[in-house]
Amino acid sequence: MAKPNITRTYGPMHFEDLEPHRFEDLVRELIYDYKDWQSIEATGRSGNDDGFDIRAYEKISAYQTERDDDQVDEVIDIHPMNGNLWMIQCKRELEIGPQKIKNIISDCINSDAPPYGYILVASANFSKKSFDVFREELKKRGVMEFYLWGKASLEDMLHMPKYDRVLFTFFGISLLTKKRNRSTEIKSLVIIKNRLFKILGEEANPFTKVLIRDINDTSYPYEEDYNDFKDKPRWKIFSFKNYNVYGVWFELHEYYAYYDALRNEYDYTTSIELENLFEDDDSDEVRKTKMDKNSLVREFWEALPRAKQTKVSIWGLVKYEDILVVDEKGDVLNKLLHLYVDFKHSNGPFGRLIHVIENGYNTISVEKEDSKRIKVFPEIIPELKKGKIYKNKSIKISKTTFTSLIKSEMLIKALYDDDDKYGFLDERDIIQVVSDDDPDELFIKITCKYKIKLSKYLEENKETYNLSNLIKDQIGKELNKDKFINVYEFVRTYRSHFEEEN
């Protein structure tokens with residue numbers, strides 16, 4: 001069952017918490033523009049009110065009487081201070097049932113001299129039967145107009161813009177102020193969003209760098225002012241990745257990863273950081289250590305099937321509402337976009353983190369796709385043993401295959417057979433590939449060797465253009481897709497590396 005979305009609501013108003021005379025004052029404020037009144041009297045405050053809390057006189061105009069022969073007989077003038085009498089009763093009670101309504105009306109309405117209009121106001125909720133009893137009793141007593149206002153009616157009126165002043169006076173709430181404030185907030189967010197669109201462009205651009213700064217920091221650019229700066233940087237440069245409805249995505253980390261698109265399984269290693277491999281203050285020794293470690297992890301990663309080699313990135317979302325200042329020009333140290341952000345979240349400026357797998361031209365959110373993490377990378381990446389170097393042996397292939405392997409950057413680099421022609425090759429072996437019709441040199445290192453059904457291989461590598469024809473050209477015949485082929489994936493190396501290995 002889907003989790004319900006939480007929306008903002010306002011709690012019920014506690015009319016019962018108002019002092020009785022204050023409740024009468026509230027009702028009097030609400031009826032001021034209900035009719036065209038001649039006068040309104042707060043009779044309940046005197047303590048001798050004959051059962052009524054508010055008495056009001058509705059204005060009426062002079063009217064004419066007519067004779068039977070349709071001629072105007074006379075015009076009757078109404079005294080300016082006279083009018084239709086209305087009686088309003090206020091009951092600050094939580095429960096009022098049908099019988100109690102009948103008793104209230106019986107106690108205060110005289111059938112011999114009923115008022116023109118009557119309103120009963122209470123802080124209770126009324127049932128259908130209560131409304132029916134109210135209507136019947138007042139009609140019997142000759143009252144011409146009558147209204148029963150319960151808690152729901154009072155809340156509806158107080159939510160109307162014209163009564164916002166009354167709502168604020170009695171409950172300290174102003175919905176109009178909240179709306180104005182929200183409108184101002186939205187305008188501010190739209191201005192920031194549109195400005196970022198203009199500066200960064202409306203499409204993702206991973207080569208764009210942005211410096212995100214803590215709005216509360218006063219020590220930039222002196223990192224030494226903070227003992228914990230490496231763990232909690234107050235400013236840092238990040239790569240812009242994409243937009244979100246609520247803000248902007250930036251890349252925090254990038255790691256070597258494994259992803260099986262057919263099984264929706266993945267893993268990654270944090271042994272080496274790719275997004276920020278080197279730092280400005282790294283010594284030559286530290287840089288060499290990082291490079292050696294990167295080579296070690298990369299070699300393990302390249303030993304995976306090429307279709308399952310990928311990178312996983314951790315993206316952080318900077319919400320528009322947290323961006324307080326946008327500095328397009330930056331400064332002499334960092335001539336790039338500066339965003340001043342409220343670092344109020346557990347991850348500093350980032351209100352949300354997601355893991356994103358870059359799979360070909362697609363980016364897949366691991367959380368969204370509900371992928372399963374499996375164990376592929378060990379905690380400590382081992383050093384893989386070296387393979388054999390074939391000094392006096394080479395592989396000869398056709399000019400078409402040779403050209404595709406040596407010149408195209410988009411294709412999977414692999415040799416194929418279905419008869420173990422290349423079965424002598426093992427992982428990390430190095431050999432030269434030649435073609436009679438091409439003078440270029442191609443030295444390769446086998447990274448991964450496996451056997452797989454052709455149909456599955458084509459499905460795993462469906463984004464590789466013209467792959468079926470490339471396999472056909474190497475094997476020399478059209479294969480049934482239910483047949484198995486041997487795949488020898490490789491990376492290109494060069495004569496200098498080849499000779500060094502020797």
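Two residues are in contact here when they have heavy atoms within 4.5 Å. With that in hand, among contacts in the protein chain between residues at least 6 apart in sequence, 70% join residues at least 24 apart. The model you are looking at is a predicted one.

## The chain as a whole

Welcome to a chain of 502 residues, of which 42% count as buried. Its secondary structure comes to 12 helices and 22 strands. Let us visit a few places in turn.

## Helix H7 and what covers it

A good place to begin is helix H7, which runs over residues 284-302. Its 19 residues reach 26 Å from the first C-alpha to the last, close to the 27 Å expected at 1.5 Å a residue. Which residues of H7 are buried? They are Lys290, Asn294, Val297, Phe300, Trp301 and Glu302. The cover over these buried residues includes four strands: E10 (247-260), E12 (309-319), E21 (438-453) and E22 (484-493).

One of the buried residues of H7, Val297, leads us to Thr269, since contact partners of Thr269 include Val297. Thr269 sits in the loop between strand E11 (265-268) and H7. Is Thr269 buried or exposed? Its relative accessible area is 4%, which is under 20%, so Thr269 counts as buried. Beyond its neighbours within four places in sequence, Thr269 also touches Tyr255, Tyr256, Phe377 and Ile381. Ala257 is 12 residues away from Thr269 in sequence, and the two C-alpha atoms are 6.5 Å apart in space.

## Leu196 in helix H6

Next comes Leu196, part of helix H6 (residues 175-200). Leu196 has a relative accessible area of 0%, so this residue is buried. Who are its partners? Leaving aside neighbours within four places in sequence, Leu196 is in contact with Gly201, Tyr243, Val248, Tyr320, Ile323, Val326, Leu337 and Leu339. The chain also brings Glu328 into this part of the model: Leu196 and Glu328 are 132 residues apart along the chain, while their C-alpha atoms are separated by 9.1 Å.

## Salt bridges

How many salt bridges does the count come to? The total is 27. Three of the pairs are set out below.

| Acidic residue | Basic residue | Closest N to O distance |
|---|---|---|
| Glu145 | Lys35 | 3.0 Å |
| Glu137 | Arg141 | 2.7 Å |
| Glu379 | Lys375 | 3.0 Å |

The Glu145 and Lys35 pair links distant parts of the chain, with the two positions 110 residues apart. Glu145 belongs to strand E7 (residues 145-149), whereas Lys35 lies in the loop between helix H1 (20-31) and strand E1 (37-41). Glu145 is buried because its relative accessible area is 17%, under the 20% limit. Lys35, at 21% relative accessibility, counts as partly exposed.

In the second pair, Glu137 is buried, with a relative accessible area of 7%. Its partner Arg141 counts as buried too, at 14% relative accessibility.

The third pair has another setting. Are Glu379 and Lys375 buried or exposed? Glu379 has a relative accessible area of 67%, which is over 50%, so Glu379 is exposed. Lys375 counts as exposed as well, at 59% relative accessibility.

Salt bridges can also join into a network, as they do for Arg22, Asp25 and Arg28.

## A cavity inside

Our last stop is an enclosed space. A search of the whole structure finds one cavity of 30 Å³ or more. The largest cavity has a volume of about 70 Å³. Its lining is made of 11 residues, and the closest to its centre are Ser404, Leu405, Tyr416, Leu470 and Gln474.

Where does this lining come from? Helix H9 (399-407), strand E19 (414-417) and helix H11 (467-475) each supply at least two of its residues. The largest share, four residues, comes from H11. By type, the lining residues divide into seven nonpolar, three polar and one charged.

Methods:
Residues are numbered from 1 along each chain as its sequence is written. This is a predicted model: local features need pLDDT of at least 70, side-chain atom pairs count only at pLDDT 80 or more; totals for chains, interfaces and linings use all residues. Side-chain values use heavy atoms; hydrogens and water are left out. On a 1 Å grid over the protein atoms alone, a cavity is a set of points where a 1.4 Å probe fits but cannot get out, and a pocket is an open set with protein on both sides within 12 Å along at least five of seven lines; lining residues have an atom within 4 Å of a point. Grid points are joined across faces, edges and corners, and a volume is the space filled by probe spheres set on the points. Ala, Val, Leu, Ile, Met, Phe, Trp, Tyr, Cys and Pro count as nonpolar, Asp, Glu, Lys and Arg as charged, and the others, Gly among them, as polar. Buried means under 20% relative accessible area, exposed over 50%, partly exposed in between (1.4 Å probe, protein chains only). The expected span of a helix is 1.5 Å times one less than its number of residues. A salt bridge is a side-chain nitrogen of Lys or Arg within 4 Å of a carboxyl oxygen of Asp or Glu.
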